[in-house]
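Here is a friendly walk through one protein chain, from a single loop residue out to the pockets and the overall build. Have the structure open beside you as you read.

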Amino acid sequence: MQLRNSSSRYGLVSMALHWGVAVAVFGLFALGLWMVGLDYYDGWRKAGPDLHKSIGITLFAVMLIRIVWRLLSPPPPALASYGKWTRIGATFGHLFLYVGLFAVMFAGYLISTADGVGIPVFGLFEIPALISSLPDQADNAGTVHLYLAWVLVIFAGLHGLAALKHHFIDRDVTIKRMLGRT
């Protein structure tokens with residue numbers, strides 16, 4: 001299997017980045033929902049958020065790699081069967097997912113650094129608290145983080161449904177290109 005994208009399909013690197021980000025996003029969402037319900041005496045009360053933050057920082061790095069890879073190995077062009085609005089929708093949809101992911105991660109960073117303490121990443125290193133003096137930083141960033149996470153997960157679900165629509169209704173190779181089947 002080819003590493004780079006071609007004019008007809010995605011390469012192994014793009015597929016791994018795409019599906020890895022998808023798993024991380026849905027995993028972080030589930031972990032986030034679960035950990036906010038933990039009570040004070042639960043052993044995961046500290047470990048859950050620490051894991052969430054570490055995976056979030058790792059996802060940030062993976063998204064940076066994904067952008068660089070997209071520049072080095074551009075995705076295949078849209079299918080000729082796509083209409084104007086499908087092309088526009090796909091472009092803006094992907095842009096929204098990228099910008100939204102970075103926004104939700106930045107909001108998470110603002111929550112985590114509001115008290116001036118850095119973010120330990122899997123106990124290996126620490127991301128410094130560069131921004132910690134905004135008014136009501138943790139509360140405001142927390143609100144943005146929560147609602148934007150919901151919007152992104154719903155939008156990612158719609159993204160998946162659109163891919164299924166292409167496969168089962170339009171009968172085109174949209175999904176096959178991301179699964180390496182073309």
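## Two loop residues with positive phi

Let's start in the loop between β2 (125-127) and α4, where D136 sits. This is a predicted model, and in it the phi of D136 is near 50°, a positive value in a residue that is not glycine. Is D136 buried or exposed? Its relative accessible area is 54%, so D136 counts as exposed, the cut-off being over 50%.

R171 is another residue to click on, in the loop between α4 and α5. Its phi is positive as well, about 55°, although R171 is not a glycine. With a relative accessibility of 67%, R171 counts as exposed.

## Helix α4

Between those two loops runs α4 (137-168). How does the span of α4 agree with its 32 residues? At 1.5 Å a residue they should span 46 Å, and the end C-alpha atoms are indeed 46 Å apart, so the two values agree.

Several residues of α4 are buried: Q137, A141, L148, A149, L152, V153, A156 and H166. An α-helix has 3.6 residues a turn, so residues three or four places apart point the same way. The cover over the buried residues of α4 includes α1, α3 and α5.

## The largest pocket

The largest pocket holds about 1300 Å³ of space. Its lining is made of 46 residues, and those nearest the centre are Y10, H18, H94, L97 and H159. By class, 27 of the lining residues are nonpolar, 14 are polar and five are charged.

Which helix gives the largest share of this lining? That is α4, with eleven residues. At least two lining residues come from each of α1 (12-35), α2 (44-72), α3 (84-112), α4 and α5 (174-179).

## The second largest pocket

About 1000 Å³ of space lies in the second largest pocket. Here 34 residues form the lining, with M35, H52, G108, I111 and H145 nearest the centre. Two or more residues of this lining come from each of α1, α2, α3 and α4. The class count for the second largest pocket is 25 nonpolar, seven polar and two charged residues.

M35 deserves a closer look. This residue belongs to helix α1, and its relative accessibility of 17% is under the 20% cut-off, so M35 counts as buried. Which residues does M35 touch, leaving aside its neighbours within four places in sequence? The contacts are G48, P49 and H52. P49 is 14 residues from M35 along the chain, yet their C-alpha atoms are separated by 6.8 Å. H52, one of the contacts of M35, is also among the residues nearest the centre of the second largest pocket.

## The chain as a whole

Stepping back, the chain has five helices and two strands, arranged along the sequence as α-α-α-β-β-α-α. The C-alpha trace spans about 55 × 30 × 30 Å along its principal axes.

Of the 182 residues in the chain, 34% are buried. The accessible surface comes to about 11200 Å², and carbon and sulfur atoms account for 71% of that. Among contacts between residues at least 6 apart in sequence, 67% join residues at least 24 apart.

Conventions. Residues numbered from 1 in each chain as written. Predicted model: local features only at pLDDT ≥ 70, side-chain atom pairs only at ≥ 80, totals over all residues. Heavy atoms only, no water. 1 Å grid on protein atoms, 1.4 Å probe; cavity = no way out; pocket = protein on both sides within 12 Å on 5 of 7 lines; lining within 4 Å. Points joined across faces, edges and corners; volume = space filled by probe spheres on them. Helix = DSSP H or I, 4+ residues; strand = E, 2+ residues; numbered from the N terminus. Nonpolar A, V, L, I, M, F, W, Y, C, P; charged D, E, K, R; others polar. Buried < 20%, exposed > 50% of the residue type's maximum accessible area, 1.4 Å probe, protein only. Contact = heavy atoms within 4.5 Å. Areas by Shrake-Rupley, 256 points an atom, 1.4 Å probe, with all protein chains shown as cover. Expected span 1.5 Å × (residues − 1).
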